[in-house]
Every structure is written in structure tokens, then in C-alpha cells.
Amino acid sequence: MPFAVLLRPLLVLSISLLAACDPATETRAAPRAARSTERPAAAVSAVSDSVLLAEAVRRAEALPRLRGMIVAREGEIVEERYWRGAAADRRTNVKSVSKSVLALLVGIAVAEGEVRLDQPVAELLPEHFGARADPRKRAITLEHLVSMRSGLESTSFSDYGAWVSSPNWVRYQVERPMVDHPGGRMIYSTGSSHLLSAALTRATGMSTYEYARRKLAQPLGIDLRPWQRDPQGIYFGGNEMRLTPRDMLRIGELFRNGGRHGGAQVVPKAWIEASTRPLGTSPWNGHRYGYGWWIKEARGHPVYFAWGYGGQYVFVVPGLALTAVFVSEADGPRTSGHLGAIHALLDDYLVPAAEAAAARG
């Protein structure tokens, strides 16, 4: 049987282009069309994992905005390629992957007793919640923020530019009108993640950067550098972290291993498990969302992923011991189909390759 017959065609995903600076705007992409999660076992066994990986590389190389791809199985890199100036040790702006990293920091802070998940953010940042504030705002907890269910109007999409141009990002976000009750529907907002950064800063007595460096980066062997701060000096909670592709892989492997790295429990296992429970669904792309991580399925396998604007991805498929990293051009004009093509690389090639490797034993 010809090789091409065994593989499904790439699904082209049209991207709606909105506010150019917002790392969240690509979440307005229409949901991907329904894909079959079943493939005859004979088709998987008929194509070796090496052939599938080779085809994935060929297709990845043809994507003009893709800069790098790492594929690891059971902790071992089985494929690593870079194009157009990227490199394993070259940092990239991972955009909203920053939100997933921040969520891990929240899990650490909860375990260390620095914060409570059910703690109202008003307790930590009382100066931004005046007596005339909507009482529903006082009910917003850290859990509501990390799961994007604060009820506050979003500061992403069309309002992103006004928000980051404001003199006080925290106040601007808190003063947004309530468009749902806390704990209601998912409202993607980079401002919610920034409130988390402000809350961690206040609770821990150190900057988000310093807390991340001590509690996450150093244990993982990541040389974390400072990134952008708001006018009050609070590190951007939902954007602008700069990581190398290998750093991103370490974070993905940490997640895949239930928060463990090198024999140490860096992030509580219970937090990783809680992060994989869907609490909301994006109306723009159909993906579900837990504690800072997106959730989908590929061929029946649960997939958890961090996602940054432009095509920065960390995919984790625990059932296949698979972690995949993609880095893309973060700025410049958008081209439709790029994100869909990356998802298709995972769904149609990398996951089947991992299945074939598992079947081979």
C-alpha cells in the first residue's frame, strides 16, 4: 500500500487575525474540524516510527514560520531539528507559554503555604479593591485566575493594546467590568495571569522572576533570564518569558513525569494532576483548559499543552511517554494554517510514531 494512503492529509486551520501584539489572539481560531481518533492497527504497524518521524521532519521543514522541533520519547530525544537561525540553546520569546510556567509556580506556592488556591486575590492586593468595587470582584480567587474563570472582562484580543499601554496593569485589569460570575465560563485574559504574578510577588516577598528562578528554573537546570515588567516593576505574568527549546522540553518532561525531575519533586504531583482536569472550554478554538494548560485528544490519547502566540508549543502525551516542542517565528505577519499544520504534525505523525514504537516494544 502506498505510504501516502496510510496518512491523513493535513488539516488546514484558518486563523482570524486580530490585535497584532496580543499573545492570546490566536485563540480566536475557529475550532479544528472533527478528526477521527481511530486508525486500523494494521495501518500503524505497517508504517514504522522512523518513517513517520522522517515524514514529520519533511513537513515541518516546509513550514516557513517554523524554527525548531524536538521530539522526545521516554525522556530521550528521538528527533531535533532547527531551521532559519534557531538553535537548541537560542532563547525565543515563548509568548503565552509563560502562562503555563506561571501556573506551575502557583502550584509550588500553594504547596509551600505561600498562598491558598481558594484565597481571594483581594486579600493579597487590597489596594486595588476599593469599598465601591463590585462585591463579585472580592470573590475572585487564585483558582479563578489560574483557570481563566475570574468573570472579569478580558484584557486580551482587542483590549490588549490599551491594557499594556496603561500606567497600572493590575489596576486596569481589576477595574474591568464583570461579564460573568467568578468560577463561571472561561474568559481568556492575559490580565488574569498578570494578577497571579502580582499576587505571587506580594505573597512570597520576592519578584516572580526570582521565585521562578529559585523554585523552578534552578532545579531544572534552566538559565532563566529576566523578562518584561509592568510600570510598577511586576514581571509580566502571561507573556514575554524567553526560553530555549531545550528549556521548553525540560518543562514538558517535568509535566509528563508528574512534577518530578532528577529524583526531586519540583512541582507537587497533585498539582500536575489537577492541571489536567478541564475546568473550561475556549469558545474560540474548542480546546479545554485546566490550571494554565490546554487539553485536547489525539487519536484517543489525552494531550496537555502550553501554547504561545505564533506557534510556540510544548505538547505532552503521557500515555505514550511523548513530549514535543515547537518554536516558530513569534512576530511578523500571520499566515493562515500554521497552527493547524503544527497540530497535524502531532496528531498525524508524532502520535502514530509513538504508537508504532510502543507496539514494537
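This is a short selection tour of a predicted model, going from the sheet to the helices on it and then to the nonpolar cores.

Start with the sheet. Select its 8 strands: the sheet is open, its pairing is antiparallel, and the order reads 2-1-12-11-10-9-8-7. Strand 2 (76-82) and strand 7 (280-281) are the edges; each has a single partner strand, so one side of each has no neighbour in the sheet.

Next, select residues 294-298 and 301-308. These are strand 9 and strand 10, an antiparallel pair joined over 5 bridges. Within the pair, show isoleucine 295, which stands opposite tyrosine 304 of strand 10.

Now add the helices. Helix 12 (residues 245-256) packs on the sheet, where it touches strand 1 (66-73), strand 2, strand 10, strand 11 and strand 12 (322-328). The direction of helix 12 makes about 150 degrees with that of strand 12. Then select residues 97-111 for helix 4, which lies across strand 8 (288-289), strand 10 and strand 11 (312-317). Helix 4 runs at about 110 degrees to strand 10.

Turn to the side chains. The largest nonpolar core has 69 residues, and the members touching the most others are Leu104, Leu216 and Val267. Helix 4 supplies the largest share of this core, 9 residues.

Centre the view on valine 267. Leaving aside residues up to four places away in sequence, valine 267 touches Leu104, Ile108, Leu216, Leu254, Gly258, Gly259 and Ile272.

Last, select Met148, Met186, Phe326 and Leu339. These are among the 38 residues of a second core, separate from the largest one.

Notes
Residues numbered from 1 in each chain as written. Predicted model: local features only at pLDDT ≥ 70, side-chain atom pairs only at ≥ 80, totals over all residues. Heavy atoms only, no water. Pairing = 2+ DSSP bridges. Helix = DSSP H or I, 4+ residues; strand = E, 2+ residues; numbered from the N terminus. Contact = heavy atoms within 4.5 Å. Axes fitted to C-alpha atoms, helices over the stretch in contact; angles between N-to-C directions. Core = buried A, V, L, I, M, F, W, Y, C linked by side-chain atoms within 4.5 Å. Buried < 20%, exposed > 50% of the residue type's maximum accessible area, 1.4 Å probe, protein only.
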